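Welcome, and thanks for opening the viewer. Take a moment to rotate the view, and then follow the stops below at your own pace.

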Amino acid sequence: LSIRSVCWKADRILAGTQDSEIFEVMVRDRDKPILLMQGHSEGELWALDLHPKQPVAVTGSDDRSVRLWSLMDHTLLARCNMEESVRSVSFNNDGSQLALGMRDGSFTVLRVRDMTEVVHIKDRKEVIHELKFSPDSSFLAVGSNDGLVDIYAVAQRFKKVGECSRSTSFITHLDWSVDSRFLQTNDGTGERLFYRMPAGKLILKEEAKGIHWMTWTGIIGPEVNGIWPKYSNVTNVNSVHANYSSAVLVTGDDLGLIKLFRFPCLKKGAKFKKYTGHSAHVTNVRWSNDLQWVISTGGADHAVFQWRFLPEGVMNGVLEPLLQEGYADSNSGESDSDVSDVAELDSDIEQEAQTNYERQVYKEDLPQLKKTLIGSLKRQKAPEQGLRLQFVHGYRGFDCRNNLFYTQTGEVVFHVAAVAVIYHRLQHSQQFYLGHDDDILSLAVHPLKDYAASAQVGRDPAIHVWDIQSLKCLSLLKGHHSKGVCALDFT
């Protein structure tokens, strides 16, 4: 156990460890430390799935642990240590089994009840980045960075029964059809392919037209064209998940943003609402089984964020004030209000990039062309619904020190990713200071007043001095540091 931060107040001591844990020790009960917070540490965090029937999330990371989290109590339900780094996870359709894709090209299936191993199979050399059980739980599709998807029959002790081999690059996303007869894949070159199951025979795009997909987690296809900013490259968005019943899509990208779009979003450059908090790339996003929560994971920040989904009524009613202070719930800079977006093609370069040169344009085509151009000027609106950050699992102890404090009123303050967290022990609830836009590196608390100061990474990194009660920024200090501010303190 490596201690990175200690704070003593009256009869209690806080200790933060390198493994992203926060303990509280009562002086009277010094051999019974209480674990307040825990999270993944080390490497990157990519693996995420949600239980099909219960409010439970599972995550797996390069720290070789698989963890089950309760969405209701915000607690860790179980932890299982593996031999190898975990890069993908998937529940079967009743939540009784859990498949884990490993970094060494193997996969393991666990019985969820007691987290014991059912099988361990290694057919590939490269990392297993994506795997999913079929909706009828009879097959498991396993996609590797070798560019292949292997199909295993669950009832035959995971005997291999098929292979999808037409991708020319690593497999990034998989989705099964509702009837378990088809599989769609995305790969690193931005290609979307369709296969008949279980043999893995390629089918044509035309044949795939009428297929209903059980889930939508792929980043490629007409239904998700709108998630791509113009000129972006296909690796910018790491994860998407559609909520069919509310017709919204959540995405996680390389800039650390969670975005909410309407679904389907067909036209490039659709509007969205964006949410900050993660600092590094957001590796995965998923809706809970009851569609009330979104869970997101941060790659290098190792954090697990739980967001509450706010349906339209709530957004326009009571909770609105919460959204102005510190919540970046906006139709964002990239997508301002409808008024300013008169033309989508707002420069010659864009116009050129968007023009289709497939055939010569004749005079008689002009009226028709004008119509299509005007049609493309309207960007799809941002969704009415929103998200609000509810809870964060994680603490930055792996490379930061002295970043854990008691406030004047006895709350616990710490940071993870780009979020400063105020943790209320008795209610087991959190509040957030969300003024930063990149990794927070250091934290200090005022000796007399309820103020905190936090500083971040950046070319011209900012130090924020803020009020712990109101979460308002009191002072922004910048222009004197470069790269990052790794330590600060009040006199």
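Which residues point one way from β14, and which point the other way? Select strand β14, residues 139-144, to find out. Phe-139, Ala-141 and Gly-143 point one way, while Leu-140, Val-142 and Ser-144 point the other. In a regular strand, side chains alternate between the two faces of the sheet. Every one of these residues is buried, whichever way it points. With six of its six residues buried, β14 is largely enclosed by the rest of the structure. Please keep in mind throughout that this is a predicted model.

**Step back to the whole chain**

Now show everything as a cartoon. The chain has 491 residues, and 55% of them count as buried. You will find four helices and 37 strands. Among contacts between residues at least 6 apart in sequence, 49% join residues at least 24 apart. If you turn on the surface, its accessible area comes to about 22,400 Å², with 52% belonging to carbon and sulfur atoms.

**The partners of β14**

Return to β14 and add strand β13, residues 128-133. The two strands pair in the antiparallel sense over five bridges. Look for Phe-133, which stands opposite Leu-140 in β14. Five residues lie between the strands of this hairpin, and there Ser-137 takes a positive phi near 60 degrees.

Next, add strand β15, residues 149-153. This strand also pairs with β14 in the antiparallel sense, again over five bridges. Here Val-142 stands opposite Asp-150 in β15. The hairpin of β14 and β15 has four residues between the strands, and Gly-147 takes a positive phi near 90 degrees.

**From Gly-147 to Ser-169**

Keep Gly-147 in view and select Ser-169, which sits in the loop between β16 (159-164) and β17 (171-176). Beyond its neighbours within four places in sequence, Ser-169 is in contact with Gly-147, Asp-187, Gly-188 and Thr-189. Is Ser-169 buried or exposed? Ser-169 is buried, because its relative accessible area is 13%, below the 20% cut-off.

**Trp-176 and its surroundings**

Follow the chain on to Trp-176 in strand β17. Trp-176 counts as buried, at 2% relative accessibility. Show its contacts beyond four places in sequence: they include Phe-139 and Ala-141, as well as Lys-132, Phe-133, Trp-213 and Met-214. Although Trp-176 and Lys-132 are 44 residues apart along the chain, their C-alpha atoms are separated by 8.0 Å.

**Charged pairs**

Stay with Lys-132 and show its side chain. Lys-132 meets the side chain of Glu-130 in a salt bridge (3.1 Å, N to O), and both residues are buried. Side chains of opposite charge can pair when their charged atoms come close. How many salt bridges does the structure hold? There are 19.

Here are some others to select:

- Asp-253 and Lys-259 meet in a salt bridge (3.8 Å, N to O). Asp-253 is buried at 5% relative accessibility, and Lys-259 is buried at 7%.
- Asp-399 and Arg-396 form a salt bridge whose closest N and O atoms are 2.7 Å apart. Asp-399 is partly exposed, with a relative accessible area of 39%, whereas Arg-396 is buried at 10%.
- Asp-11, Arg-12, Glu-24, Arg-28 and Arg-425 are linked in a network of salt bridges.

**The nonpolar cores**

Now select Leu-387, Phe-414 and Trp-466. Of the 46 residues in the largest nonpolar core, these three touch the most other members. Strand β31 (residues 419-424) supplies the largest share of this core, five residues. Zoom in on Phe-414 and show what it touches more than four places away in sequence: Ile-22, Met-37, Tyr-395 and Leu-443 are among them. Apart from this core lies another, of 21 residues, including Ile-203, Phe-261, Phe-263 and Cys-265. In soluble globular proteins, nonpolar side chains tend to be buried together.

**Last stop: the surface**

Finish with Leu-1, Ile-3 and Val-6, which make a nonpolar surface patch of about 320 Å². Val-6 belongs to strand β1 (residues 3-9). Is Val-6 buried or exposed? Val-6 is exposed, because its relative accessible area is 52%, over the 50% cut-off.

Key
Residues numbered from 1 in each chain as written. Predicted model: local features only at pLDDT ≥ 70, side-chain atom pairs only at ≥ 80, totals over all residues. Heavy atoms only, no water. Core = buried A, V, L, I, M, F, W, Y, C linked by side-chain atoms within 4.5 Å. Buried < 20%, exposed > 50% of the residue type's maximum accessible area, 1.4 Å probe, protein only. Contact = heavy atoms within 4.5 Å. Pairing = 2+ DSSP bridges. Patch = residues over 30% accessible without salt bridge, like charges linked within 9 Å, V, L, I, M, F, W, Y side chains within 5 Å. Areas by Shrake-Rupley, 256 points an atom, 1.4 Å probe, with all protein chains shown as cover. Salt bridge = Lys/Arg side-chain N within 4 Å of Asp/Glu carboxyl O.
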